[in-house]
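This report describes the fold of one protein and some of the contacts within it. Please keep the sequence and the three-dimensional view at hand while reading.

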Amino acid sequence: MPEAAPQQPTDPPRRAPEEQGAAGAGEVPGAPHPLDNPVRSALTGPHARFAERRGRVLRYRPDVTPWLALPDEPDARDWAEAAALAGPGGTVTVTAFREPPPADWEIVFHAEGVQMVDESVDAAPDPEALRLGPGDVPEMLDLVGRTRPGPFLPGTVELGTYLGIRRSGVLVAMAGERLHPPGWSEISGVCTDMSVQGQGLATRLVRAVAQVIRERGETPFLHAAASNTPAVRLYESLGFALRRRTAFLSAVVPGGADAGPRGRMAGSLEHVGRQ
C-alpha cells in the first residue's frame, strides 16, 4: 500500500514533471524497466530468497510483506495460480496491475498511486539514526500500529536497512527499505510518533536511508497515494520526482469460510472507494 507522509513543509518547492524516465544502476537500454513491475523485478532479482512461486506468479513470504507479483499480462491461469498461493479466503495484494481480478473475487482495497524516484535527494547520514534489527521488531510493530504508514510485518525488517531514532530509550521514528528491484531500492515504513511530529525526524531518516542506498550504487524510489497531495509535495521537496502513476489492489480469493462479496466490490473497480 502507499506510504504515509513524513512531516510536511510549509512551502513546498517546484512540482515534479508528469513523467520521468530516470535510469538506475544496472538498467539495460530497451529492456522492460524494473520499476514498471517492481514486485516481480525484486522477486526475480535481489529478493529471490523471499520468493514463493506457483507457475508464473510469485509472492513474498507471507510474514515478510503481502505483495504478490503477476506477469505483465496475466491470464485466467495466472489468477488461478495466485488463488492457489493465497488459499481460499486469502488476500492477494498487487501493484502495477492493468486488469481487475476475476468476477468472483472481492476487491477490499483499491487506490491510485504515484511512483517517485530520486532525482536530487540531499542524502546524508544522520548522527541520531540507529540501525534496527530483529530484536527491535516488537517496538517497530508497536510504532507502525500507532502511525499506520503501510504494511509492516514481523519479517519486513529482513528486506533491507531500517533506521530509527529513539528518545529516552523509546523508538519514536523509523524508515527503511522494502522492494528491491535490480539497481533500485524502495524507501518505506516512514513514520513518526505523534509526540515528536513537526521535528523533521522522518525527513532526516528518509535522507539517511537514501544515503545507504546510494552507497551501494543504487537509486532510491518510493510510492505514495496519488490523492495524498501533501505527501507528494513533501517528497518533491526532498528531491523525488514523479516517474509514473500506478495503482494498488487487494482482493480476496473466493471460497473461504466467509465466501461472498461484502458490498458491491466483487470483480470490478467501478464501485471501489479511492483511498
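Which residue of β2 stands opposite Ala 51? The residue is Tyr 60. The model in which this pair is found is predicted.

## Overall composition

The protein contains 5 helices and 11 strands. Of its 275 residues, 52% are buried. The surface that the protein exposes amounts to about 11,900 Å², and carbon and sulfur atoms supply 50% of that area. Among contacts between residues at least 6 apart in sequence, 76% join residues at least 24 apart.

## The sheet of β1, β2 and β3

Strands β1, β2 and β3 form an open sheet of 3 strands in the order β1-β2-β3, with antiparallel pairing. Because β1 and β3 each have a single partner strand, they stand at the edges, and one side of each is left without a neighbour in the sheet. Between β1 and β2 there are 4 bridges, in the antiparallel sense.

## Helix α2 and its surroundings

The three strands of this sheet also take part in covering a helix: β1 (51-54), β2 (57-60), β3 (68-69) and β4 (91-95) are included in what covers the buried residues of α2. Those buried residues are Asp 78, Trp 79, Glu 81, Ala 82, Ala 83 and Leu 85.

At the start of α2, a side-chain oxygen of Asp 75 comes to within 3.1 Å of the backbone nitrogen of Arg 77. Just after the helix, Gly 87 has a positive phi of about 85°.

Within α2 (residues 76-86), Arg 77 and Glu 81 lie 4 residues apart, about one turn of the helix. An α-helix has 3.6 residues a turn, so residues three or four places apart point the same way. The side chains of Arg 77 and Glu 81 meet in a salt bridge. Is each partner buried or exposed? Arg 77 is exposed, because its relative accessible area of 62% is over 50%. Glu 81 counts as buried, because its value of 13% is under 20%.

## Salt bridges

In the whole structure, 20 salt bridges are found. The table gives three of them, including the pair in α2.

| Salt bridge | Distance, N to O |
|---|---|
| Glu 52 and Arg 59 | 3.0 Å |
| Arg 77 and Glu 81 | 3.8 Å |
| Glu 218 and Arg 216 | 2.9 Å |

In the pair of Glu 52 and Arg 59, Glu 52 is partly exposed, with a relative accessible area of 28%, whereas Arg 59 counts as buried at 17%. In the pair of Glu 218 and Arg 216, Glu 218 is buried at 16%, and Arg 216 is partly exposed at 38%. Salt bridges also link Asp 126, Glu 128, Arg 167 and Arg 204 in a network.

## Strands β7, β8 and β9

One member of that network, Arg 167, stands opposite Val 170 in β8. Strand β7 (residues 162-167) pairs with β8 in the antiparallel sense over 6 bridges. Their hairpin has 2 residues between the strands, and in it Ser 168 takes a positive phi near 55°.

Strand β8 (residues 170-177) is largely enclosed by the rest of the structure, because 7 of its 8 residues are buried. With β9, strand β8 pairs in the antiparallel sense over 4 bridges; one of the residue pairs is Gly 176 with Ser 188 in β9. The hairpin of β8 and β9 has 6 residues between the strands, and Gly 183 in its turn has a positive phi of about 85°.

## The enclosed strand β10

Why is strand β10 (residues 219-225) described as largely enclosed by the rest of the structure? The reason is that 7 of its 7 residues are buried. In a regular strand the side chains alternate between the two faces of the sheet. In β10, Thr 219, Phe 221, His 223 and Ala 225 point one way, while Pro 220, Leu 222 and Ala 224 point the other way, and all are buried.

Strand β5 (residues 106-118) runs antiparallel to β10 and is joined to it by 5 bridges; Gln 115 has His 223 of β10 as its bridge partner. Strand β9 (residues 184-192) runs parallel to β10, with 3 bridges between them, and Trp 184 has Thr 219 of β10 as its bridge partner. From β9 the chain passes through helix α4 (residues 201-215) to β10, in a right-handed β-α-β crossover.

Methods: Residues numbered from 1 in each chain as written. Predicted model: local features only at pLDDT ≥ 70, side-chain atom pairs only at ≥ 80, totals over all residues. Heavy atoms only, no water. Salt bridge = Lys/Arg side-chain N within 4 Å of Asp/Glu carboxyl O. Buried < 20%, exposed > 50% of the residue type's maximum accessible area, 1.4 Å probe, protein only. Contact = heavy atoms within 4.5 Å. Areas by Shrake-Rupley, 256 points an atom, 1.4 Å probe, with all protein chains shown as cover. Pairing = 2+ DSSP bridges. Right-handed = clockwise from strand over helix to strand, strands pointing away. Polar contact = N/O pair within 3.5 Å; in protein donor to acceptor, adjacent residues only side chain to side chain.
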